[in-house]
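Colleague: Could you walk me through this one? I'd like to talk about the charged residues and then about how the chains meet.

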2 protein chains.
Amino acid sequence: MDARNPLNIGAAARAMSNFGFHHLRVVNPYDVAFQGARSAVGAADVLASAENCETLAEAIADCSLVVGTTAIGHRDLQHSLQRVEAGAPVIRAHLASGACALLFGSEKFGLSNKDMSHCHWLMHIPTREEHLSMNLGQAVAICLYELIRDSGAPVEPEKGSAASSAEVERITATLFAALQASGYPKLNTSDSFEGAVRRLVRRLHLQTGDAEFLLGMLRQMVWKMTKSGQAKG
Amino acid sequence: MDARNPLNIGAAARAMSNFGFHHLRVVNPYDVAFQGARSAVGAADVLASAENCETLAEAIADCSLVVGTTAIGHRDLQHSLQRVEAGAPVIRAHLASGACALLFGSEKFGLSNKDMSHCHWLMHIPTREEHLSMNLGQAVAICLYELIRDSGAPVEPEKGSAASSAEVERITATLFAALQASGYPKLNTSDSFEGAVRRLVRRLHLQTGDAEFLLGMLRQMVWKMTKSGQAKG
């Protein structure tokens, strides 16, 4: 949650409390907004235990599924996009084996492209074409409602456990290092290239064991490439 | 809608606009609240055409179905009560032939017994026992969302097409070549190791574009590692 309006933080916390979700993490809030939210009706517990994170990467580090929310609109999206009623069962199934982060951007700007590059996929609420943008607190309420809706229905748990965002981020960084060491021609430090690689790695749906396996391979390649470079130099 | 808080009226109007509901009737609002709501983002049309009614009876006069909303709680209800996901299809079916009023009470007190007496039945949102009461704007948003949910919309197809087995196999082979060139310690030609790598690559669920992207990266690494080896040898 990246929120600047205390009413929005409070409303989000209240909906969380209504539907039984307890872990609110706020990325880099204006202090005033965070303090102002503390009066939200009935949401004292959620707000008292809310964590203030400096970066999105920190906020999602222990989550093995990261889902962004968007009002779509004019932007070209690089991600798979699901309507909330189709996405919620996938999230529910994941929750049987691992933690999931549901990201909300600011009401005015939504999630940035960089924020989205941390996501496995995106979810949207089917609003009218002529008025896509929802109030943040209302959007949070609908997404959480959809998660508990029909919660009697049995869910197929996912096989194995998905790699955490921290593990996936290590692979991303090591892949960058490998590309750099290899002299990969299209390599550059632009946000768009970095985002493309980050999204690629997230689309791999890595399991915990696979993540370690792949990381070991990449590290060996990096070691080989940088070692040879030194030997030559 | 019996609302005393302009933010709640505005939030309700915004959700109506998001989901395509245009007839807002406010029963006996404090003038100040009604005026204050007029700034709600994107809901100008709904608010401009909102009607101010003196009584609930007047507000629902032309509706052939009247559904009240309640957070239940301690009150003995005299009405049939439906969860919103069960009630919404009934309302949708009714809308094909006549108008329906969906009533919301004030956030603090809900609908009075007298208000409820105008209702055909009641609907509630399945919130937690320990925190039943929702923010009014969020409750409105969820009820309206449920009314448009699943309204025959085709499911969003997944983006892209899955990589062919040939593409996946090329990646597998190139990954083997990269591991070999890197001197990966566990590399051997046993069926079990080869099988493990092959399964790993298949678990990645690669899309066509991603497969090419990844193959290009791996080939560059192989080129770099073998070229250096030749320079040294």
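**Charged residues and the interface**

Modeller: Let me start with A:R92, which lies in helix α5 (residues 84-95) of chain A; please keep in mind that this is a predicted model.

Colleague: Which side chain of opposite charge is nearest to A:R92?

Modeller: That is A:E146, which is 5.6 Å away, and A:R92 has no salt bridge although it is buried. The cut-off for a salt bridge is 4 Å between the side-chain nitrogen and the carboxyl oxygen, so the pair does not count as one. The backbone oxygen of A:E146, on the other hand, lies 3.4 Å from a polar atom of the A:R92 side chain.

Colleague: And in chain B, what does B:E146 pair with?

Modeller: The side chain of B:E146 meets that of A:R149 in a salt bridge, at 2.8 Å from N to O. This pair crosses between chains, with A:R149 in the loop between α7 (136-148) and α8 (165-182) of chain A and B:E146 in helix α7 of chain B.

Colleague: Buried or exposed, those two?

Modeller: A:R149 and B:E146 are both buried.

Colleague: OK, what about B:E107, which residue does it bridge to?

Modeller: B:E107 forms a salt bridge with A:R14, and the closest N and O atoms are 2.6 Å apart. B:E107 sits in the loop between β5 (100-103) and α6 (113-116) of chain B, while A:R14 belongs to helix α1 (residues 6-19) of chain A, so this pair too joins two chains. As for accessibility, B:E107 counts as partly exposed at 25%, whereas A:R14 is buried, with a relative accessible area of 4%.

Colleague: How many salt bridges are there between chain B and chain A?

Modeller: The count between them is 5, and over all chains it comes to 17. Another pair with one partner in each chain is A:R203 with B:D210, whose side chains meet at 2.5 Å from N to O.

Colleague: Switching to the contact surface, how much area do the chains bury between them?

Modeller: Chain B and chain A bury about 5600 Å² between them, and 59% of that is on carbon and sulfur atoms. Of the area that chain B buries against chain A, B:N18, B:Q138 and B:Y145 supply 11%, which is more than any other three residues. In terms of contacts, 68 residues of chain B touch 72 residues of chain A.

Colleague: And how many residue pairs are in polar contact across it?

Modeller: The rule finds 29 such pairs, counting those with both residues at pLDDT 80 or more. On the side of chain B that touches chain A, at least two residues each come from α1 (6-19), α5 (84-95), α7 (136-148), α8 (165-182), α9 (191-203) and α10 (208-232).

Colleague: Which of those gives the most?

Modeller: α10(B) does, with 13 residues. By type, the residues on that side of chain B divide into 35 nonpolar, 17 polar and 16 charged.

Colleague: Back to chain A for a moment: what does A:R202 meet in a salt bridge?

Modeller: Its partner is A:E169, at 2.7 Å from N to O. A:R202 lies in helix α9 (residues 191-203) and A:E169 in helix α8 of chain A, so the salt bridge ties together parts that are 33 residues apart in sequence. A:R202 is buried, with a relative accessible area of 3%, while A:E169 counts as partly exposed at 23%. Salt bridges with shared partners also join A:E169, A:E194, A:R198 and A:R202 into one network.

Conventions. Residues numbered from 1 in each chain as written. Chains lettered and ligands numbered in written order. Predicted model: local features only at pLDDT ≥ 70, side-chain atom pairs only at ≥ 80, totals over all residues. Heavy atoms only, no water. Contact = heavy atoms within 4.5 Å. Buried area = accessible area lost by both parts, 1.4 Å probe. Polar contact = N/O pair within 3.5 Å; in protein donor to acceptor, adjacent residues only side chain to side chain. Helix = DSSP H or I, 4+ residues; strand = E, 2+ residues; numbered from the N terminus. Nonpolar A, V, L, I, M, F, W, Y, C, P; charged D, E, K, R; others polar. Buried < 20%, exposed > 50% of the residue type's maximum accessible area, 1.4 Å probe, protein only. Lys, Arg positive; Asp, Glu negative; His and termini not counted.
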